[in-house]
Amino acid sequence: MKHFIVCDLDDCLLKTDLLYEQWLVLLKSKPLVFLASPFWLFYGKAHFKAKLAQHVPQTPHLVPLRNDVVTYLKEQRDLNKCDLILASASPYVWVNEISQRLDLFSHVIGSDANTNLKGLQKLNAIKSSIGSTPFSYVGDAFADLAIWRESTEVVAVNPSKALQHQIAKLNKPTTILKDETKPTWKLLAKQIRPHQWIKNILVFLPALAGHKFLNYQTVLLGLLAFAGFSLAASFVYVLNDLLDLKSDRNHHTKKHRPFASGDLKIKWGVILLSSLLFGVALISSYLPIQYSGWIITYLTLNLAYSFYLKQSVVVDILILSMMYTLRIFAGSAATSVPVSEWLLSFSTLFFFSLACVKRYTEIIRSKNKITLDGRGYRQIDYPMVQGLGVGSGLLSVLIVLLYLQSSDVRSLYNTPQNLWFATPVLLFWISRIWILTNRDEIHDDPVVFAVKDKISWICLAILGLVFGTAL
């Protein structure tokens with residue numbers, strides 16, 4: 001007897017929800033249209049989806065699939081000679097594009113501008129398509145219970161315990177398909193990237209350079225500034241990953257990030273963004289108003305970077321380097337220790353060099369692509385980016401040499417001549433970083449590489465010893 005298997009799409013065959021993904025694409029590509037999009041809901045959810053499909057092109061080859069569901073469907077088709085139907089509440093055009101990518105389904109059912117195919121509406125569409133022919137249904141949500149009641153078999157994908165309890169009441173043959181994924185809390189921890197918080201130690205630099213690091217009040221304020229900037233940085237990481245799903249999925253390593261891989265649902269991104277922003281506001285309320293100003297500047301600059309400046313050649317490198325320097329300004333504002341011109345001059349050139357390392361690495365790893373996804377660079381740009389990075393790194397060492405000849409150094413150190421030994425260490429570290437970068441042996445982020453690199457820690461220890469003997 002002929003039998004159909006009907007499969008849901010969002011969070012079922014796919015590891016993500018196309019509605020939320022495409023809405024994020026609209027936010028990045030057409031922000032003004034995005035602001036107007038909530039008004040589409042006045043005409044119903046079906047109208048909203050149809051309008052969204054008009055404005056946002058789909059990239060079906062990049063959307064993450066649930067491989068266990070795909071394998072199940074292929075096995076059922078080949079062993080039992082079942083016809084497969086892809087049925088979704090997503091717009092028909094999106095559903096059809098996914099179907100064409102897989103070449104599995106004989107028929108496609110999707111929403112149009114008038115009807116949102118969810119629950120009973122989807123059941124009616126299925127019956128209209130196959131008549132009274134028996135069918136199994138592959139679903140994942142409570143809304144699918146209405147369809148499972150009419151199906152001959154229940155196939156549930158990653159059902160919650162509450163949903164499993166409701167399925168059991170149907171008293172039908174049931175198959176449970178579950179992913180081998182990490183717990184949500186581990187994915188959330190990975191997403192906020194606490195290992196990147198090491199960059200925020202820069203908020204302590206003004207106090208260290210001004211020899212105020214033994215003051216209890218200064219250290220406490222510095223710790224608060226560190227915590228606030230860490231939450232702000234995590235906010236930026238979450239936002240960027242939500243907006244860069246397409247380019248991340250085209251990247252050799254970023255495709256494994258929680259949102260890009262589909263392991264972490266987009267709704268968690270909204271929860272993270274609001275929670276992190278609340279934490280930043282709470283911590284900032286205990287610090288001077290100038291600190292809040294620098295935090296706002298940091299977040300605003302990152303928004304501009306995410307939406308526009310990321311694709312601007314050289315401007316993106318300047319912005320990345322400024323993100324480091326802003327941490328120094330924020331630390332100064334929090335502790336009320338002024339930043340010296342020497343420190344600013346050094347950090348501007350030094351961090352520009354590190355930003356070039358990051359971009360150079362991405363260019364050389366783009367392999368045979370003529371252009372870099374989500375960036376304004378081409379393959380032929382790598383020698384120029386390398387030259388800019390090496391040159392600015394060496395110039396930062398020159399700033400240190402000039403500092404040794406200034407009157408400022410004599411007022412802070414008893415034996416300032418000892419500071420000269422810092423220059424060969426810096427020359428070695430910068431030169432080595434760029435040699436390893438040229439060999440493609442550096443992590444995408446040079447700071448992350450340095451944290452894991454034993455030689456970098458040895459260099460840091462030597463620098464600490466040099467400055468300690470100069471006091």
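S406 is buried, with a relative accessible area of 11%; burial here denotes a relative accessible area under 20%, exposure one over 50%, and partial exposure the range in between, computed with a 1.4 Å probe on protein chains only. The structure is a predicted model, in which local features require pLDDT of at least 70 and side-chain atom pairs count only at pLDDT 80 or more, whereas totals for chains, interfaces and linings use all residues. Residues are numbered from 1 along each chain as its sequence is written, and side-chain values use heavy atoms, with hydrogens and water left out.

S406 is situated in the loop between α19 (382–404) and α20 (407–412). Helices (H or I, at least four residues) and strands (E, at least two) are DSSP runs, numbered from the N terminus. The side chain of S406 reaches the backbone oxygen of Y403 at 2.7 Å, a polar contact being a pair of N or O atoms within 3.5 Å; within protein, one must be able to donate a hydrogen and the other to accept it, and residues adjacent in sequence count only if both atoms are side-chain atoms. Helix α19 also contains G391, which is partly exposed at 29% relative accessibility. The C-alpha atoms of G391 and F352 are separated by 9.9 Å, with these positions 39 residues apart along the chain counted as their separation.

Six strands form an open sheet in the order β3-β2-β1-β4-β5-β6, with parallel pairing; two strands pair if DSSP finds at least two bridges between them. The edge strands, each pairing on one side only, are β3 (107–111) and β6 (174–177). Neighbouring strands of this sheet are turned by 15° against each other on average, direction ignored. Within the sheet, strand β4 (residues 135–139) runs parallel to strand β5 (residues 153–157) and is joined to β5 by four bridges. S136 stands opposite E153 of β5.

In helix α4 (residues 45–55), the buried residues are A46, F48, K49, A50, L52 and A53. Their cover includes α2 (18–29), β2 (83–91) and α6 (92–102), contact being defined by heavy atoms within 4.5 Å.

Two residues that are not glycines have a positive phi: D11, at about 60°, and D103, at about 55°. D11 belongs to helix α1 (residues 9–13) and is buried, with a relative accessible area of 15%. D103, by contrast, is placed in the loop between α6 and β3 and counts as exposed at 65% relative accessibility. W185, in helix α10 (residues 184–192), likewise counts as exposed, at 59% relative accessibility. The C-alpha atoms of W185 and G269, 84 residues apart along the chain, lie 13 Å from each other.

Helix α21 (residues 422–438) packs against helix α23 (residues 454–470) at an angle of about 165°, with their axes 10 Å apart. Axes are lines fitted to C-alpha atoms, for helices over the stretch in contact, and angles run from 0 to 180 degrees between N-to-C directions. The two helices α21 and α23 are therefore roughly antiparallel, since angles over 145 degrees are classed in this way, those under 35 as roughly parallel, those from 65 to 115 as roughly perpendicular and the rest as oblique. The contact involves A422, V425, L426, F428, W429 and R432 of α21, together with I455, S456, C459, I462, L463, V466 and F467 of α23.
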